[in-house]
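Biologist: I would like the labels on this model justified. Please set each value against its cut-off.

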Amino acid sequence: MLDDLDKELEKRGHSFCRYADDCNIYVATQHSGERVLASITNYLETKLKLKVNHLKSAVDRPSRRIFLGYSFTGGKHSRIRVPKETTQKMKSKLRLLCRKGRGRNLRRFIAETLNPVLRGWTNYFRLSQTKTSSLGNWTNGYGTACGVSSGDSGNVPTLATRSWCNSGSRPNAHVKAASTDAGRGSTAEHPT
């Protein structure tokens with residue numbers, strides 16, 4: 001059903017990104033963002049008979065919005081970044097895992113519990129074009145709270161986040177195009 005929305009946005013010539021029922025539409029100015037938001041909301045509610053969540057829908061700069069855990073840096077040459085809120089969620093998850101890991105074999109806890117979480121986070125946020133040193137620094141200091149001393153061979157959280165920060169993967173061309181468009185103006189975000 002939302003394929004019709006994709007076709008409508010393409011017909012109107014908008015730059016957009018949609019995943020399931022979340023959609024960001026990139027336009028040049030705040031005024032055009034408000035106009036597009038009203039127009040697309042009307043299209044979704046009248047033509048497609050879908051309910052739009054007006055609390056989550058907004059017109060704002062792409063650098064202030066989070067979409068699928070990612071955001072953009074501000075400025076003329078914007079880049080894809082991992083926002084602080086996303087990093088904070090990961091830190092909370094690691095705190096919880098480390099509390100649950102107490103009393104377990106350290107190597108087993110790292111291999112079976114901690115590594116898969118860090119590896120998944122690393123792979124998901126591979127497209128980021130900025131370093132997220134806060135998570136790497138945080139796990140480095142927090143390793144002792146998990147029971148990993150600096151001389152221990154199990155200091156895996158730091159290695160996993162460091163490899164993510166230094167990963168040489170480059171985003172695809174469509175991601176570069178979206179980040180270039182995103183630096184120019186506003187985002188009309190539409191979760192339905």
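Biologist: How many disulfides does the structure hold?

Modeller: Zero. A disulfide is a pair of cysteine sulfur atoms within 2.5 Å. The model is predicted, so local features need pLDDT of at least 70, side-chain atom pairs count only at pLDDT 80 or more, and totals for chains, interfaces and linings use all residues. Residues are numbered from 1 along each chain as its sequence is written, and side-chain values use heavy atoms, with hydrogens and water left out.

Biologist: What makes C23 unbonded?

Modeller: Distance. The closest cysteine sulfur, in C17, lies 7.6 Å from that of C23, which is too far for a bond.

Biologist: Why is C23 called buried, and why does C17 count as partly exposed?

Modeller: Buried means under 20% relative accessible area, exposed over 50%, and partly exposed in between (1.4 Å probe, protein chains only). C23 has 2%, so it is buried. C17 is at 31% relative accessibility, so it counts as partly exposed.

Biologist: Which residues of α3 are buried?

Modeller: T86, T87, M90, K91, L94, L97 and C98. Helices are DSSP runs (H or I, at least four residues), numbered from the N terminus.

Biologist: How do you know that the buried residues of α3 line one face?

Modeller: Seen down the helix axis, they fall within an arc of 140 degrees, so they line one face of α3. The arc is that of the directions from the helix axis to the C-beta atoms. On the other side of α3, K89, R99 and K100 are exposed.

Note on methods:
Helices (H or I, at least four residues) and strands (E, at least two) are DSSP runs, numbered from the N terminus.
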